[in-house]
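Let's take a friendly walk through this chain, step by step. Please keep the structure in view as you read.

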Amino acid sequence: MSTPQDIPLAIPEPRQRHVLDNPALASLTGPHARFAERRGRVLRYPVDVSPWQALPDEPDADDWADLAALAGPGAEVPLLGFRGQVPPDWEITFHVAGVQLVDEGMTTAPDPEAVRLGPADVPEMLDLVARTQPGPFQARTVELGTYLGIRRDGALVAMAGERLHPPGWTEISAVCTDPSVRGQGLATRLIRAVAHGIRARGETPFLHTGAGNTGAIRLYESLGFRLRLRTAFMAARAPERLTEGRTVAVS
């Protein structure tokens with residue numbers, strides 16, 4: 001008869017990484033590789049495309065030095081979903097809890113009123129973003145994927161589009177509606193329309209929002225999204241004096 005000390009202990013296997021655990025890295029090493037600016041193992045989008053940087057899953061001191069070199073002395077660096085330890089010479093400047101939700105059965109459909117937005121629409125898109133604050137949106141963010149908008153009397157009053165693009169997935173982002181037309185279901189219609197295009201490519205929509213944004217979370221869950229991951233949106237300031245990282249730089 002076996003005694004307790006004879007029974008081998010069950011050692012749990014480490015959790016397998018999912019492509020959405022580090023979506024910026026998966027995007028910049030996958031479908032968005034054409035945008036990638038690299039130093040060592042650190043990648044980022046051009047600053048006029050997106051502020052997101054991509055660290056390895058377990059960054060070391062060289063990686064942090066490379067990130068600081070890419071950003072510049074004293075620069076504030078957004079770190080999407082980073083859950084490790086920031087080096088002591090970096091200052092955390094922003095931290096808020098977030099959630100990542102994935103599509104699990106949403107009904108999608110094109111919208112007859114939605115129009116495709118492009119570079120010529122960027123001034124209006126930036127103006128709408130400034131009024132509604134949906135999150136980072138730069139002058140070239142429109143290049144990341146399909147952006148759809150709804151106009152009323154010629155003015156852009158609502159939009160939604162595609163941002164991060166890990167293999168097999170596309171993030172819905174920049175969902176915003178002018179206060180003058182809220183309550184008319186425009187955001188829902190645009191989310192369904194953007195998701196329809198994503199599904200047509202054989203991919204799955206996902207999105208991020210703040211954990212405290214309960215109204216948006218209720219909307220997304222009512223559409224068919226489910227919580228996949230509790231994450232964080234944070235930013236940290238690079239040290240003023242930089243240490244030398246790996247001497248590799250490719251743009």
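Two strands are said to pair if DSSP finds at least two bridges between them. With that in mind, look at strand 4 and strand 11: they run antiparallel and are joined by 5 bridges. One of the facing pairs is Leu79 with Met234, its bridge partner in strand 11. Keep in mind throughout that this is a predicted model.

Now step back to take in the whole chain. It contains 5 helices and 12 strands. Along the principal axes, its C-alpha atoms fill a box of roughly 75 × 60 × 30 Å. Of the 251 residues in the chain, 49% are buried. The accessible surface comes to about 12,600 Å², and carbon and sulfur atoms account for 53% of that surface. As for charge, there are 26 positive and 30 negative side chains, and the centres of the two sets lie 4 Å apart. The contacts say something about the fold as well: among those between residues at least 6 apart in sequence, 73% join residues at least 24 apart.

How are the strands of the open sheet ordered? The sheet has 8 strands, in the order 4-11-5-10-9-8-7-6, and the pairing is mixed. Strand 4 (76–80) and strand 6 (115–117) are at the edges, and each has a single partner strand, so one side of each lacks a neighbour in the sheet. From one strand to the next, the twist averages 30°.

Is strand 4 enclosed or open to the outside? Although strand 4 stands at an edge of the sheet, 4 of its 5 residues are buried, so strand 4 is largely enclosed by the rest of the structure. An edge place in the sheet therefore leaves a side without a neighbouring strand, while the burial of strand 4 comes from the rest of the structure around it.

Moving inward from strand 4, we come to strand 11 and then strand 5 in the sheet order. Strand 5 (residues 91–103) and strand 11 (residues 225–237) run antiparallel, with 12 bridges joining them. Two places help you trace this pairing: Leu101 has Leu227 as its bridge partner in strand 11, and Asp103 stands opposite Phe225 in strand 11. Strand 5 also pairs with strand 10 (residues 204–210), again in the antiparallel sense, over 5 bridges. Here Gln100 has His208 in strand 10 as its bridge partner. In a regular strand the side chains alternate between the two faces of the sheet.

At the other end of the order, begin with strand 6. Strand 6 and strand 7 pair in the antiparallel sense over 3 bridges, and Val115 stands opposite Gly149 in strand 7. Gly149 also stands opposite Met159 in strand 8, where strand 7 and strand 8 form an antiparallel pair over 6 bridges. These two strands make a hairpin with 2 residues between them, and in this hairpin Asp153 takes a positive phi near 50°.

Which helix packs on the sheet here? Helix 3 (residues 122–132) does, touching strand 6, strand 7 (147–152), strand 8 (155–162) and strand 9 (169–177). The direction of helix 3 makes about 90° with that of strand 8.

Two further residues with positive phi make a good comparison. Gln133 lies in the loop between helix 3 and strand 7, and its phi is near 55°, a positive value in a residue other than glycine. Ala174 also has a phi near 55°, but Ala174 is placed in strand 9. Is each of them buried or exposed? Gln133 has a relative accessible area of 62%, so it is exposed, the cut-off being over 50%. Ala174 has 6% relative accessibility, so it counts as buried, which means under 20%.

Finally, look at Glu37, which is found in strand 1 (residues 37–39). At 21% relative accessibility, Glu37 counts as partly exposed, because buried means under 20% and exposed means over 50%. Glu37 and Gln53 are 16 residues apart in sequence, and their C-alpha atoms are 9.4 Å apart in space.

How values were computed: Residues are numbered from 1 along each chain as its sequence is written. This is a predicted model: local features need pLDDT of at least 70, side-chain atom pairs count only at pLDDT 80 or more; totals for chains, interfaces and linings use all residues. Side-chain values use heavy atoms; hydrogens and water are left out. Axes are lines fitted to C-alpha atoms, for helices over the stretch in contact, and angles run from 0 to 180 degrees between N-to-C directions. Contact means heavy atoms within 4.5 Å. Buried means under 20% relative accessible area, exposed over 50%, partly exposed in between (1.4 Å probe, protein chains only). Accessible areas come from the Shrake-Rupley method with a 1.4 Å probe; for residues, only the protein chains shown count as cover. Lys and Arg count as positive and Asp and Glu as negative; His and the chain ends are not counted. The place of a charge is taken as NZ of Lys, CZ of Arg, CG of Asp or CD of Glu.
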